[in-house]
Amino acid sequence: MKEERAILAGGCFWGMQDLIRRLDGVISTRVGYTGGVPNATYHNHGTHAEAIEIIFDPTKISYRRLLEFFFQIHDPTTRNRQGNDVGLSYRSAIFYTSDEQKRIAEATIADVESSGLWPGKVVTEVSPASGFWEAEPEHQDYLERYPNGYTCHFPRPGWVLPRRSESVG
């Protein structure tokens, strides 16, 4: 089986991990820090983003489909903010691992913008993946251990892109 890796940031990583892990084709997830200082930790993260690393089977779920769900479960139109979480750590970002992922990310953002379904302009940054520092154990699988814990992520029924050919996106 060929696996692929995706790194997405869309606010607090707890809620992102809890929803994305449930998708058919997602093999594993872990939360961590990327896009900022080396060796980031919860208490020393500087300009990092709270992110989720996703290992997935592209024969079961496409990168495009992961991004469509990503845009449905967080608000990509709020700069450095999701829900009650404010700051650079909570920015919306796609950290691509290949030129193909970059192309798909840019095409998906263009589709989100042109759909008119979201409340404003997409501010999601698209950057090459760099170091990913796994978050501390207490942050992994947080909402599985604390089902009533804080999250600002949920699928928004009105934020679903119309289906399109996988070859296009």
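Visitor: How many bridges join strand S6 (residues 92–96) to S7?
Guide: In this predicted model, S6 and S7 run parallel; strands here are DSSP runs (E, at least two residues), numbered from the N terminus. One bridge partnership is that of Ala 93 with Glu 125 in S7. Two strands pair if DSSP finds at least two bridges between them, and the number joining S6 to S7 is four.

Visitor: In what order do the six strands of the open sheet lie?
Guide: The pairing in this sheet is mixed, and the twist averages 35° from one strand to the next. The edge strands, each pairing on one side only, are S7 (125–128) and S8. The order is S7-S6-S1-S3-S2-S8.

Visitor: At about what angle to S6 does H3 run?
Guide: H3 is a helix, meaning a DSSP run of H or I with at least four residues, and it lies across S1, S6 and S7. Axes are lines fitted to C-alpha atoms, for helices over the stretch in contact, and angles run from 0 to 180 degrees between N-to-C directions. Relative to S6, the angle of H3 is about 150°.

Visitor: What pLDDT does the chain average?
Guide: Residues are numbered from 1 along each chain as its sequence is written, and side-chain values use heavy atoms, leaving out hydrogens and water. Local features need pLDDT of at least 70 and side-chain atom pairs count only at pLDDT 80 or more, whereas totals for chains, interfaces and linings use all residues. The pLDDT is the predictor's confidence in each residue, from 0 to 100. At least 70 is scored by 92% of the residues, and the chain average is 91.

Visitor: Which element gives the largest share of the largest nonpolar core?
Guide: A nonpolar core is a set of buried Ala, Val, Leu, Ile, Met, Phe, Trp, Tyr and Cys residues joined through side-chain atoms within 4.5 Å. The largest has 27 residues, and those with the most contacts inside it include Leu 66 and Phe 71. Elements giving two or more residues are S1 (4–10), H1 (13–20), S3 (49–56), H2 (63–73) and H3 (99–115). The largest share, seven residues, comes from H2.

Visitor: How many residues of H1 are buried?
Guide: Buried means under 20% relative accessible area, exposed over 50% and partly exposed in between (1.4 Å probe, protein chains only). The buried residues of H1 pack against S1, S2 (26–34), S3, H2 and H4 (142–145). Among them are Trp 14, Gln 17 and Asp 18. The buried count for H1 is eight of eight.

Visitor: Is Leu 19 buried or exposed?
Guide: Leu 19 lies in helix H1. Apart from neighbours within four places in sequence, its contacts (heavy atoms within 4.5 Å) are Phe 69, Ile 73, His 153, Phe 154 and Pro 155. The C-alpha atoms of Leu 19 and His 153 are 8.0 Å apart, although 134 residues separate them along the chain. Because its relative accessibility is 13%, Leu 19 counts as buried.

Visitor: Why do Cys 12 and Cys 152 form no bond, and how far apart are their sulfur atoms?
Guide: A disulfide is a pair of cysteine sulfur atoms within 2.5 Å, and the count by this rule is zero. Cys 12 is buried, with a relative accessible area of 7%, and Cys 152 is also buried, at 11%. The sulfur of Cys 152 is the closest cysteine sulfur to that of Cys 12, yet it is too far for a bond because the separation is 6.6 Å.
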